[in-house]
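Trainee: I am new to this structure and would be grateful for a close look at the hairpin. Please set it in the context of the rest of the chain.

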Amino acid sequence: MQSAISDSEERMKKTVASLKDGFATLRTGRASAALFDKIRVDCYGEKSPLNQVANISIPEARLIVIQPWDKNLIGEIEKAIRSSELSLNPSNDGKVIRIAVPPLTEDRRKELVKLAKNQAEQSRVAVRNIRRDGNDELKKQLKDSSITEDDESKGSAELQKLTDTYIGKVNQVLEEKEKEIMEV
């Protein structure tokens, strides 16, 4: 019984962590190095994460400075940023790439909030599916006579508590992201 519950809890934790990672790449009105987590740069014939070929710093709230460790990569980095879905316009001076993060329009903010809500709903569904899998496992254990009916009902109640807790965490993460997006 405990293994079904602990496995379910572990999977629920990963679901919330995955949501946070997904939210990190959603562009808000302020500069963030996390925006570039999914950008891959063509580096000597191989695709490498941007943070492994350059230093990303945020000197001001709306400015990102990317300093490649190898100056020859500056064009590739610029190309990777332009082709990403971030809609950012990088400019370089031969040594560093500067990106001014424009403030978001009201429509774009609403669009991003909608996207965030969609991601959160997918996470809530995933948490509920994990609860269902845990309940199925408990029923299987009951059928195999490795647990009693009482254990099964206690396990089900515990899984429901976990589900409520993790759906609450998903809602809290969404609320924080919404606030961050709508902040001018």
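Mentor: A residue is called buried when its relative accessible area is under 20% and exposed when that area is over 50%, with partly exposed in between. By that standard, buried residues make up 39% of the 184 residues in the chain. Please keep in mind throughout that this is a predicted model.

Let us turn to the hairpin itself. Strand E1 covers residues 40-43, and its partner, strand E2, covers residues 46-49. The two strands pair in the antiparallel sense, over 4 bridges. One of the pairings can be named: Arg40 has Pro49 of E2 as its bridge partner.

The two faces of E1 are worth separating. Val41 and Cys43 belong to the covered face of E1, whereas Arg40 and Asp42 belong to the uncovered one. In a regular strand the side chains alternate between the two faces of the sheet. Residues 40 to 43 can be read in that light, with Arg40 and Asp42 on the uncovered face and Val41 and Cys43 on the covered face.

Next comes the turn. Between the strands of this hairpin there are 2 residues, and Tyr44 is found in this loop between E1 and E2. Which sign does the phi of Tyr44 have? The phi of Tyr44 is positive, at about 55°, although Tyr44 is not a glycine. Tyr44 has a relative accessible area of 62%, so it counts as exposed.

A comparable case lies elsewhere in the chain. Ser145, in the loop between helix H3 (106-143) and H4, is also a residue other than glycine with a positive phi, near 65°. Ser145 counts as exposed because its relative accessibility is 62%.

Now for the setting of the hairpin. The chain has 4 helices and 6 strands, and along the sequence these follow the pattern α-β-β-β-β-α-β-β-α-α. The radius of gyration of the chain is 22 Å, well over the 16 Å that the globule rule gives for 184 residues, so the chain is more spread out than a compact globule. The C-alpha trace spans about 70 × 40 × 25 Å along its principal axes.

Beyond E1 and E2, 4 strands form an open, antiparallel sheet in the order E3-E4-E6-E5. Its edge strands are E3 (54-60) and E5 (91-92), each of which pairs on one side only. Within this sheet, E3 and strand E4 (residues 63-68) pair in the antiparallel sense over 5 bridges, and Ala54 has Pro68 in E4 as its bridge partner.

Helix H4 (residues 149-182) contains Gly155. Gly155 counts as buried because its relative accessibility is 0%. Leaving aside neighbours within four places in sequence, the contacts of Gly155 are Met1, Ile5 and Leu138. The C-alpha atoms of Gly155 and Asn92 are separated by 58 Å, and the two residues are 63 apart along the chain.

Some totals complete the view. Of the contacts in the chain with a separation of 6 or more, 65% are between residues 24 or more positions apart. The chain exposes about 10,700 Å², of which carbon and sulfur atoms supply 47%. Finally, the chain carries 32 positive and 32 negative charges, and the mean positions of these two sets are 4 Å apart.

Notes. Residues numbered from 1 in each chain as written. Predicted model: local features only at pLDDT ≥ 70, side-chain atom pairs only at ≥ 80, totals over all residues. Heavy atoms only, no water. Buried < 20%, exposed > 50% of the residue type's maximum accessible area, 1.4 Å probe, protein only. Pairing = 2+ DSSP bridges. Rg over C-alpha atoms; globule rule 2.2 N^0.38 Å. Contact = heavy atoms within 4.5 Å. Areas by Shrake-Rupley, 256 points an atom, 1.4 Å probe, with all protein chains shown as cover. Lys, Arg positive; Asp, Glu negative; His and termini not counted. Charge placed at Lys NZ, Arg CZ, Asp CG, Glu CD.
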